[in-house]
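Biologist: I should like a close look at one part of this protein, namely the way its helices pack against one another. Please set that part in the context of the chain and then turn to the local features of the backbone.

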Amino acid sequence: MPPKAQVCGFVSIDKRAQRPDSAPSVHASTARRTRRPARWRQAHAEEFGMTESSPATDATAGQRAVAQNVQALAAFLQQHAPFDAMEPAHVLQLLQHSALVFFAAGQQILGPEAPRVAHWYIVRQGHVVGQRAELAQPAAPAQQQEPDTPVQLLPGDAFPFAAILGERPTRRRYTAAEDSFCLQLPVAQFVQLLEISPVFRQFALRGVSGLLARVGQHMQLGALQTLHEADALNTPLRSLAARAPLTCSPAASVREAVRLMHSQRTSSIAITDADLRLQGIFTLRDLRALVIAPHADLDAPIGQVMTAAPMALHPDDSAFDATMLMARHHFGHLCLVEDGVLRGVISERDLFALQRVDLVHLARAIRSAASVAELATLRADIGRLVANMLAHGASAEQVLRIVTQLNDHSVERVIELMLAEHGDPGLPFAWLAFGSEARGEQTLLSDQDNGLLFLAGEPAQAQQAQARLLPLAKAINQALHECGLHWCPGEIMASNPALCLADFQWRDFFDRMLLQAQPQDVLNATIFFDMRLAWATPGARAQLEQAVQQLRAYSLQRFQQESAFQRLMASFALQRTPPAIGGAQGLKHRLIQALGAAQGGATLDIKKQALAICVDAVRILALAQGCSAASTVQRLRWLGERGHLRPERVKTYEDAFNFLQQLRLRHHQRQQQQGQPLDNLIALQQCNTLELRVLRAALAEAARLQDALRLNYRL
C-alpha cells in the first residue's frame, strides 16, 4: 500500500476552503502517554477480525476485517452524517471497497509529502488530529493568511475532502492522537461514490454546512411539537385572562361606559353590581347598533342597552370550550365567572392569539399599550411569535431581528408612557441602545444596555440638563424592567449618571476609554462600540439623529487611531476561548469533558462560550477597518466583501454563528413553554448526534475567528 497522503477533515461548516491549524504536533511523548496497552490493541484488533501483528499497510487484512464486520460497520456509519441519509446500497458499496487499518498513537496517517492523496479515511475508533504542515510558503498579508486551528477528528469524521477534490497535496499533517482504527477507501472509489450518491456529493462539496438544512428541519419539527403542546385548545381560560376586567354599574350612562372603554382601549365592558356579580355586557358591536338607531340616547343608563345575562364559563374551562360556545352562538366575548363573581372577559382575539400570533398586530398592540402592565402582558406573546417563526422555518437572523424590533417598540412605548406620567422635561433627548439591541441580536432573554444623549453647549448647562433628565431615565429603566427587559447587572443604563450625557460629554467619554485603557474600559468597549439610536424626541429628531451619527463616526475614527487599545481589546477577547474537544470517549462525552466541572460537566453556556467569542472577534476586526455596520453578520459580510476575510470563510463563519443563535433561540423557547426561568445553558444530553456534530463544527469556527484576530494583532 502506498504511503499515506494528505487529508482535510470536516469539522468546519464549509469544506470548500482549506482550514489552517495552529495546534502543536503530537510529539512522541504525547504518543507514549496516549498509546493503549498491548492487551487493549490485541482485543480490539481481534474484534475487527485482525491480529495485532497486522500492519496498517496490510491491505488484505484490512479488507478481510471489513468483510467480516460489514453489518456492524454499516450500523456504525448509519449513526453519522451523511451516511445516515445515503442509500443503503451506496453505504454497502463504500464498505465493499474499504479496508480497516490501525494507527498507533503518534503515527502519521497523512502528510503533505505525497503529490496527491491516495486514500480517503473515516475514523472508526480513536482520535485523529490534523494540523497545518510546516512547509515553506511565501509570506502573505495578515488578512489573507488562513487561521491556524487544529482539526479534531472523532469517530464518524472523514478526511480528506478538499485535497482529493482539488487533486493536490494536503496542507495538513494528520496524526493518530491515540491508538485508532480508520476505514480506508481508495480515491478512485471515492470519486465513484461522488457520482452515484447525491447525498454524499453534497456533503463532500459543502461539508458540515450541508447538514445545516437537516439540523434546521429537526429544530423546526421540534418547534412545531412544542408549539402544538403549548398552544393546544385545552389551555385553561384562566391563563388567558391576564388583566382584570373593565366594569361599571348598570346605572352608569352609555357615554361614561364608552369613555371607559376608549381610555382602556378595550372592545367590551362588563356590567356588575358592587360585589362584581355579572349583570350584563356591552361591546363595540352593541355601540354600533345603538348609534344607528333612531333617537339614540348616550346619556341613558347602560343597563337599558346592555346584553343581559351573557353566557359565561368557569375560568378552569378550556379554550376549546370557549371556541365551541362562541362559534355556536356567534358572539365575540365570553365572561368568566367563578362562585358568582366575574373573574375576566375573553375575546375572539384572545383565542386567535392562542393559535397564531400576528407580528403586525402584536407590534401595533405594543405601540398602543395603555399602561406598563398591559405592555408586559402583550410582551408574553413574543415567545409564541418566536415559536411560530421557528416552526415555520424562519432563520435565526430573521427571528433575532423581529425580537429586537418588538423590543424597540416596547422601549418607544415605555418612554411615551413615562413622559405622560412624569411630564415632559422640556429638553429633547435621544435614547441610545448598546450591545445586542444595537446589533439586532436580542433573544427572549435580554437585559438593558442603554444610555441617554442630550444637546448642551457647555458643562454647567449639561449638569442642569442631566439633573432634570435622570429621574425620567430611572423611571424608564424601571418600567422596562417590569416589562421583562431586566436591569443590567453592570449598570449600563441611562439612569447611571455616567451614561446620561451631553453630546460633547459622550465624545469625552470615548476619549477617556480609549486613552486610559483600563481593564474595565476594555470590557465596557464591547458594549459601547455597538451603538444606535432607539428613540428621539419627535420635535428634535433630525437634530438628535445627526448628533448620534456624528458620535458613532467619532468613536469609530478614534478606535481606528488607537492601535494599542485595539491590541488590548483583542487580548481580552482571546482570554475567552471555546471548549477544546479531546479525550478518548464518544462525541458527547468529549464535549462534556472539555467543558469541565465548572458547569457540572453537562452544559454549554451558549452565550459566553460560543456566541460572545464570535461577536467579540468580529467586532474588533470590523471596527479596526472602519466598518460602521452594527450586526455581527453584517460585519462579517462587510469584511468579506472588502477582502479582509476570505469570502468562502465568511459564509462558513456566518453559518456557524446563525446555528449557535438558533440553538439558543430553541433553548429559550423550550424553557418558556415549560414555564422555566430562561438561561443560556444548553444541556448536551438534549442534543442529538447531528446537532452535536454541527455544534462541534461551530465551536471550531469560533476558534478560527479568534485565530484571525490573533494573527492580525500578532498575539
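Modeller: The account below begins with the chain, proceeds to the helix pairs, and ends with individual residues.

The model is a predicted one. Its protein chain comprises 28 helices and 21 strands. Of the 715 residues in that chain, 55% are classed as buried. Among the contacts in the chain with a separation of 6 or more, 76% are between residues 24 or more positions apart.

Two packed helices are described by the angle between their axes and the distance between the axes. Helix 17, residues 396-422, is a suitable place to start, with helix 15, residues 372-379, as its partner. The axes of these two helices come within 11 Å and cross at roughly 170°. Since an angle over 145 degrees counts as roughly antiparallel, helix 15 is therefore roughly antiparallel to helix 17. On the side of helix 15, the contact involves Val372, Leu375 and Arg379. Helix 17 contributes Leu406, Asn407, Ser410, Arg413, Val414, Leu417 and Met418. Sorted by class, the residues of this contact are six nonpolar, two polar and two charged.

Helix 17 also packs against helix 19, residues 459-482, and here the angle is about 130° with the axes 9 Å apart. An angle of this kind falls outside the parallel, antiparallel and perpendicular ranges, so helix 17 and helix 19 are oblique to each other. Their crossing is right-handed. From helix 17 the participants are Ser410, Val411, Val414, Ile415, Met418, Leu419 and His422. They meet Leu472, Ala475, Ile476, Ala479 and Leu480 of helix 19. This contact holds 10 nonpolar and two polar residues, and no charged ones. Ser410, Val414 and Met418 of helix 17 thus appear in the contact with helix 15 and in the contact with helix 19.

A further pair is formed by helix 20, residues 503-516, and helix 22, residues 541-561. These helices pack at an angle of about 15°, and their axes are 10 Å apart. Angles under 35 degrees count as roughly parallel, and helix 20 and helix 22 are therefore roughly parallel to each other. Helix 20 passes helix 22 in a right-handed crossing. The residues of helix 20 that make the contact are Trp506, Arg507, Phe510, Asp511, Leu514 and Leu515. Those of helix 22 are Leu551, Tyr554, Ser555, Arg558 and Phe559. In this contact of helix 20 with helix 22, seven residues are nonpolar, one is polar and three are charged.

A contact of another helix may be followed from a single residue. His90 is located in helix 5. With a relative accessibility of 16%, His90 counts as buried, because the limit for that class is under 20%. Leaving aside residues up to four places away in sequence, His90 touches Leu193, Ile196 and Ser197. Along the chain, His90 and Ile196 are 106 residues apart, while their C-alpha atoms are separated by 7.7 Å.

The cysteines can be treated briefly. A disulfide is a covalent bond between the sulfur atoms of two cysteines. The structure contains zero disulfides. Cys483 is buried at 6% relative accessibility, and Cys500 is buried at 0%.

The backbone has several local features to report. Most residues other than glycine have a negative phi, and most peptide bonds are trans. The peptide bond from Ala81 to Pro82, however, is cis, with omega near 5°. Pro82 is placed in the loop between helix 4 (70-77) and helix 5 (88-96), and the latter is the helix that holds His90. The bond from Phe159 to Pro160 is also cis, with omega near -5°. Pro160 belongs to the loop between strand 6 (158-159) and helix 6 (162-165).

Positive phi values occur at His295, near 60°, and at Arg714, near 55°. Neither residue is glycine. His295 lies in the loop that joins helix 11 (284-291) to strand 12 (307-308), and Arg714 is in the segment after helix 28 (689-713). Exposure requires a relative accessible area over 50%. His295, at 81%, is therefore exposed, and Arg714, at 55%, counts as exposed as well.

Definitions and conventions: Residues numbered from 1 in each chain as written. Predicted model: local features only at pLDDT ≥ 70, side-chain atom pairs only at ≥ 80, totals over all residues. Heavy atoms only, no water. Axes fitted to C-alpha atoms, helices over the stretch in contact; angles between N-to-C directions. Helix = DSSP H or I, 4+ residues; strand = E, 2+ residues; numbered from the N terminus. Parallel < 35°, antiparallel > 145°, perpendicular 65-115°, else oblique. Left-handed = near helix turned anticlockwise from the far one by under 90°. Contact = heavy atoms within 4.5 Å. Nonpolar A, V, L, I, M, F, W, Y, C, P; charged D, E, K, R; others polar. Disulfide = S-S within 2.5 Å. Buried < 20%, exposed > 50% of the residue type's maximum accessible area, 1.4 Å probe, protein only.
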